[in-house]
Every structure is written in C-alpha cells, then in structure tokens.
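Thank you all for coming; I would like to spend a few minutes on aromatic rings and how they pair. Please have a look at the structure before I go on.

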Amino acid sequence: MIRTATLSDAPAIARVHVSSWLSTYRGLLPDGFLASLSETNYTERWKRVITEGTSKVVVAEDGAEVIGFASGGRERAGESGYEGELYAIYVLDAAQRRGFGRELVRASVDGLRELGLTDMIIWVLRDNRPGRDFYERLGGVYVRSQPITIGSATLEEVSYGWRRLDDVRY
Ligand SMILES: CC(C)(COP(=O)(O)OP(=O)(O)OC[C@H]1O[C@@H](n2cnc3c(N)ncnc32)[C@H](O)[C@@H]1OP(=O)(O)O)[C@@H](O)C(=O)NCCC(=O)NCCS
C-alpha cells in the first residue's frame, strides 16, 4: 500500500533511508561517510521536509511496516528542459523486486501532477547499476552525467528524464 507521508512517519522514513543507503552504497561511498549516517538526524530532516510541504513524500507499507519511501517536487538545480524531479526513492533491501518501487514512482508522478508539473528528471550514481536498470525499465531516457561530491568522495552521477509524465512506463 502506498500513501502520503505524515509527520509521524519521519522516524520510519529515516530508518529506511539509513538502512537502504548502507545496503546500496557500501563499496560505492566511503565507509566513514556511511558510518556517520544517523537516523536521528534524518528523522529531523524528514520532519522538516514533510512540514514544509513543498515536496511530495510518499511511503510504501507492507502490513503495518514502512518499507519504502519516495519524494519529489520541483526540479532543484536549474536543469534545462525539466521542471519536475524525483529526489529520492528507497525500498528496504528485503522488500525489493516486489513492485513497491514502481508503485512509489506512480504515486510520486501523481504528486508532481498535483504540483502542476508535466515532466520528471532523476539523478542516480553512475555505478548504481540496479538503480539505473529500474529507471531504464520505467522508460527513463539518459540525459547527461556530472561529478558529485559525497563525503570525501567525488563520484559520477547520471540523469534520466521523462519529457512527459505520461511517458513513464509502469
Ligand atoms: C531501485 C528501487 C527503488 C526499485 O524498487 P523495487 O521495489 O525494488 O522495484 P520494482 O519491484 O518496482 O521493480 C520494477 C522493475 O524495475 C526493474 N528493476 C528493479 N530493480 C532492479 C534490479 N535490481 N536490477 C534490474 N532491474 C531492476 C525490473 O524490471 C522490475 O520489474 P520486474 O521485477 O518485474 O522485472 C529499489 O530497488 C531500491 O530502493 N534500491 C536501492 C536504493 C536505490 O538505488 N535507489 C535509487 C537511488 S537514485
């Protein structure tokens, strides 16, 4: 089940956020950076995001447990040709490949439409191959790549775009 996040979801979102970063980015991001990720800090951060209400945050539940989330809103970096952005999407390792990601994207796209947006871009680490496979499966078209600094590491990230939200292939 997918629903809009409320303030009380912030701790669960933070838990999924940290757990998923550890399982996704071990070996890609510096160990010290991963060790510094704090659920307490992310809980505060997600509370702020949900309270501000400028981005759309949705959660996926398996039974009563939040096992994934996504957030999206207005494109943040001035990328030409795109006004909407999927900022983040994470599903717990144990819950992956069961369709939650696809449904989180569907709900996020609905959220972008509510904000009056008609297209979507996403950024993903170049070496996050499973993440890229997911976006390619949804019909995302490669846009470009650029360096990104995370902790002490400089990596490469790539973007995928959908010129029309109707182009997302579920
Ligand atoms: C990427 C992610 C959000 C996808 O969510 P998910 O619930 O696992 O994906 P779904 O089950 O909805 O998959 C939809 C389709 O995408 C493709 N796909 C998803 N994960 C894939 C993978 N690891 N490898 C190859 N294809 C994949 C498949 O075609 C899949 O359909 P199928 O299972 O019927 O073959 C999730 O795996 C995740 O959180 N990964 C770790 C974090 C991450 O990389 N997030 C993106 C950072 S930008």
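Let me begin with a charge and a ring, keeping in mind that this is a predicted model: Arg 106 lies over the face of Tyr 170, and the distance to the ring centre is 4.4 Å.

From there I turn to rings that meet other rings, where a pair is described by the distance of the centres and the angle of the planes. Searching the whole structure gives nine aromatic pairs, and I will take two of them in turn.

In the pair formed by Trp 21 and Phe 33, the ring centres are 6.2 Å apart and the planes stand at 45°, so this pair is classed as tilted, being neither under 30 degrees nor over 60. Because Trp 21 belongs to helix H1 (residues 10-25) and Phe 33 to helix H2 (residues 31-35), the pair ties together parts that are twelve residues apart in sequence. As for accessibility, Trp 21 is buried, with a relative accessible area of 15%, whereas Phe 33 is partly exposed, with a value of 21%.

The second pair is that of Tyr 25 and Tyr 90, whose ring centres lie 6.5 Å apart with the planes at 80°, so that this pair counts as edge-to-face. Here distant parts of the chain are linked, since Tyr 25 sits in helix H1 and Tyr 90 in strand E4 (residues 84-91), 65 residues apart. Both Tyr 25 and Tyr 90 are buried.

Which residues do ring pairs link into a cluster? They are Trp 21, Tyr 25, Phe 33, Trp 46, Phe 69 and Tyr 90.

Conventions:
Residues are numbered from 1 along each chain as its sequence is written. This is a predicted model: local features need pLDDT of at least 70, side-chain atom pairs count only at pLDDT 80 or more; totals for chains, interfaces and linings use all residues. Side-chain values use heavy atoms; hydrogens and water are left out. Rings of Phe, Tyr and Trp (its six-membered ring) pair if their centres lie within 6.5 Å; planes under 30 degrees apart count as stacked, over 60 as edge-to-face and the rest as tilted. Helices (H or I, at least four residues) and strands (E, at least two) are DSSP runs, numbered from the N terminus. Buried means under 20% relative accessible area, exposed over 50%, partly exposed in between (1.4 Å probe, protein chains only). A charge sits over a ring if NZ of Lys or CZ of Arg is within 6 Å of the ring centre and within 35 degrees of the ring normal.
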